[in-house]
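Got your viewer open and a selection box ready? Here is a short walk through the model, stop by stop.

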Amino acid sequence: MTTRLTVAQALVRFLTAQHTERDGERRRLIGATWGIFGHGNVAGIGQALVEYAGVMPYHQGRNEQSMVHAAVGYARQCGRLSAHAVTTSIGPGATNLVTGAALATVNHLPVLLLPGDVFATRPADPVLQQLEVPYAGDVSVNDTLRPVSRYFDRITRPEQLIPSALAAMRVLTDPVETGAVTLALPQDVQAEAYDWPEEFFAERVWTVRRPGPDPVELARAAAAVRAARRPLLVAGGGVRHSRAEAALAAFAEATGIPVASTQAGKGALRYDHPRDVGGIGHTGTATADELARTADLVIGVGTRFTDFTTASGTLFQHPDVRFLHLNIAPHDAHKLAALPLVADARTGLEELSEALAPYKADDAYTDEYTAAKERWERRVDACFASPDPDARPTQPQVLGALDALVDASDIVINAAGSLPGDLHKLWRARSRDQYHLEYGYSCMGYEIPAALGVKLAAPEREVWALVGDGTYLMMPTEIVTAVQEGVAIKVLLVQNHGYASIGGLSAAVGGERFGTAYRFRTEEGTYTGAPLPVDLAANAASLGMRVLRANSVRELRAALAEARAADTPTCVYVETETSDTVSGAPEAQAWWDVPVAASATRTPAVTAREQYERHVSTRRRHL
């Protein structure tokens with residue numbers, strides 16, 4: 001039996017029949033499609049989405065990159081069991097996908113990209129928006145998506161769709177390989193009809209695997225833990241992808257081993273769990289980083305050990321430190337010359353716990369990190385405190401006001417700027433998925449569209465996009481989508497008149513904060529004087545969002561409470577105190593390598609270089 005459909009119609013119908021299953025939970029794999037239409041997809045995928053509107057939900061985006069961010073937020077909230085597709089026109093619509101695709105792939109989050117492409121049959125060459133490549137007739141701008149995709153194919157004949165679509169689903173559901181998947185669709189092929197075998201449209205269930213550890217690796221791992229005197233576990237995003245939070249808590253409680261977290265892993269244990277010692281690395285807590293410096297065994301679970309986590313190779317300073325990496329990806333399990341334990345995080349933790357019984361860390365070690373954690377919590381309290389409720393708040397006080405309001409059901413989203421550092425150090429995560437930081441790619445502009453995706457996945461929960469002024473100016477467009485679709489996200493817009501994070505970094509590395517403030521430029525090229533007359537609150541209101549302005553801590557608390565209770569998209573706008581005399585978050589507890597000019601005449605750069613060389617001298621190669 002066959003059914004005659006266009007390529008685009010066949011693809012959409014195929015997608016409606018794909019499901020995932022893990023631990024008995026079954027989900028629709030492609031929950032919806034985002035799209036911006038132009039030539040290259042309006043007559044193909046666009047028509048197919050009309051044809052199957054009853055079974056394939058559609059969301060209208062305003063920016064192609066934003067649509068991918070929304071899809072990524074949705075996939076992460078769904079535990080990677082459900083994803084979204086994104087369709088665009090050819091040319092700039094397609095190339096706008098690249099940043100979002102890189103973000104998805106870096107973070108191992110599934111998204112299906114369906115960019116239009118130039119004519120496969122080449123009846124007119126070149127066509128509108130076509131990039132001519134003199135040395136290769138089969139190259140288009142969509143080839144820019146190859147290095148940022150986990151799977152890429154260009155469908156130049158209808159029958160090619162069958163194996164390609166199946167391969168795409170395999171990659172989207174693979175816990176190791178998942179990321180951005182791209183099927184480039186020439187506009188003429190999309191509209192071409194073909195007789196499809198009915199089997200192509202049959203319901204399919206893709207099992208998301210939980211592979212267990214190799215017995216030999218497991219025995220070695222257990223021996224390494226038993227031999228350790230100061231073990232430290234580092235929880236990464238893989239704990240959350242695996243839904244291994246309960247297994248991690250059981251492991252920590254049974255062994256007494258303290259748990260630090262990366263940006264992606266924060267919340268794997270609640271902040272008030274006795275074994276949780278907070279964030280680790282450059283943006284981590286003093287508690288976690290001091291434990292890391294003296295740890296003789298570092299147990300990584302579901303982490304890639306990026307430079308922020310390792311403080312660019314300067315954090316783990318015990319002379320005999322060893323590493324044990326539990327990771328489903330062999331590539332990550334072998335980093336830092338570690339003992340590998342290649343397995344699903346939940347399965348691996350459960351089997352390691354069983355193999356270790358009755359191991360328990362020394363009471364003196366437990367008492368040490370418990371006391372250190374209590375000291376850090378007092379520092380957090382001090383940062384959150386607002387002695388004068390009628391004063392303009394600092395950024396940590398903004399976080400403190402939100403922290404006092406939310407409960408375990410709220411979700412906070414952030415990605416870039418100075419907020420990730422403050423959040424990693426200070427935020428008190430109350431549930432496994434409350435803390436949603438995209439720090440693998442740290443992409444400015446992620447927060448608002450990602451909040452849309454998260455809210456679509458969890459409509460019953462309050463979702464907060466925490467956005468600085470720099471990030472807001474990058475990508476506010478999906479506010480219109482939230483208003484149009486009635487998706488009641490909350491945006492906390494923090495105005496500090498510039499790139500606060502990079503401004504601070506610039507000052508630290510001899511850049512003298514050049515080009516990092518939103519202020520009037522002088523003839524000498526510096527930026528001084530009053531802030532620019534830019535009203536971001538008015539901008540958000542002009543896009544249809546309800547805006548609540550807060551000029552003091554007292555007004556901020558009231559505005560946050562009002563926003564949380566709102567059933568429409570709502571923005572809380574607050575300008576923060578940025579004076580050097582006002583207390584902010586604790587400084588970085590560990591170093592991060594940003595090379596400083598080796599030759600300079602200006603004093604700030606010369607001084608920064610001297611400090612840089614002192615830090616570099618402490619770097620270790622863990623072999």
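Start by selecting Gly 300 and His 325: Gly 300 stands opposite His 325 in E16. Helices and strands here are DSSP runs numbered from the N terminus, with at least four residues for a helix (H or I) and at least two for a strand (E). Before going on, note that this is a predicted model, where local features need pLDDT of at least 70, side-chain atom pairs count only at pLDDT 80 or more, and totals for chains, interfaces and linings use all residues. Residues are numbered from 1 along each chain as its sequence is written, and side-chain values use heavy atoms, leaving out hydrogens and water.

**Stop 1: around E16**

Widen the selection to strand E15 (residues 297-301) and E16, which pair in the parallel sense over five bridges. Two strands pair if DSSP finds at least two bridges between them. Now add strand E17 (residues 339-342), which pairs with E16 in the parallel sense over four bridges. To see one of the contacts in E17, pick Leu 341, the bridge partner of Leu 326.

Is E16 largely enclosed or left open? Five of the six residues of strand E16 (residues 322-327) are buried, so the strand is largely enclosed by the rest of the structure. Buried means under 20% relative accessible area, exposed means over 50%, and partly exposed is in between (1.4 Å probe, protein chains only).

**Stop 2: two positive phi values**

Select Phe 305, in the loop between E15 and helix H12 (307-310). Its phi is near 50°, a positive value in a residue other than glycine, and Phe 305 is buried at a relative accessible area of 9%. Then jump to Ser 312, in the loop between H12 and E16. Ser 312 is not a glycine either, yet has a positive phi of about 55°; with 10% relative accessibility, Ser 312 counts as buried.

**Stop 3: H14 to H15**

Next, go to Thr 347 in helix H14 (residues 345-356). Thr 347 is buried, with a relative accessible area of 13%. Leaving aside residues up to four places away in sequence, Thr 347 touches Arg 210, Pro 211, Gly 212 and Pro 213; contact means heavy atoms within 4.5 Å.

Move on to Pro 358 in the loop between H14 and H15. Check the omega there: a cis peptide bond joins Ala 357 and Pro 358, at about 10°. Another cis bond to look up joins Asp 125 and Pro 126, also with omega about 10°; Pro 126 is in the loop between strand E7 (111-117) and strand E8 (151-154).

**Stop 4: the rings**

Show the aromatic side chains. How many aromatic pairs does the structure hold? There are 12. The rings of Tyr 365 and Tyr 369 have centres 5.6 Å apart and planes at 85°, so this pair is edge-to-face. (Rings of Phe, Tyr and Trp, the last by its six-membered ring, pair if their centres lie within 6.5 Å; planes under 30 degrees apart count as stacked, over 60 as edge-to-face and the rest as tilted.) Both tyrosines lie in helix H15 (residues 363-384), four residues apart, about one turn of the helix, and Tyr 365 and Tyr 369 are both buried.

For a ring cluster, select Phe 14, Tyr 194, Trp 196, Phe 200 and Phe 201, which are linked by ring pairs. Then try Lys 266, whose charged end sits over the ring of Tyr 435, 5.5 Å from its centre. Arg 549 likewise lies over the face of Tyr 573, at 5.7 Å from the ring centre. A charge sits over a ring if NZ of Lys or CZ of Arg is within 6 Å of the ring centre and within 35 degrees of the ring normal.

**Stop 5: the six-stranded sheet**

Finish with the open sheet of six strands, ordered E19-E18-E20-E21-E25-E24, with parallel pairing. Strand E19 (435-437) and strand E24 (546-550) stand at the edges with a single partner strand each, so one side of each has no neighbour in the sheet. From one strand to the next, the twist averages 20°.

Zoom in on strand E20 (residues 463-468) and strand E21 (residues 490-495), which run parallel and are joined by five bridges. Ala 465 stands opposite Val 491 in E21. Last, add helix H18 (residues 447-457), which lies across E18, E19, E20 and E21 and runs at about 175° to E20. Axes are lines fitted to C-alpha atoms, for helices over the stretch in contact, and angles run from 0 to 180 degrees between N-to-C directions.
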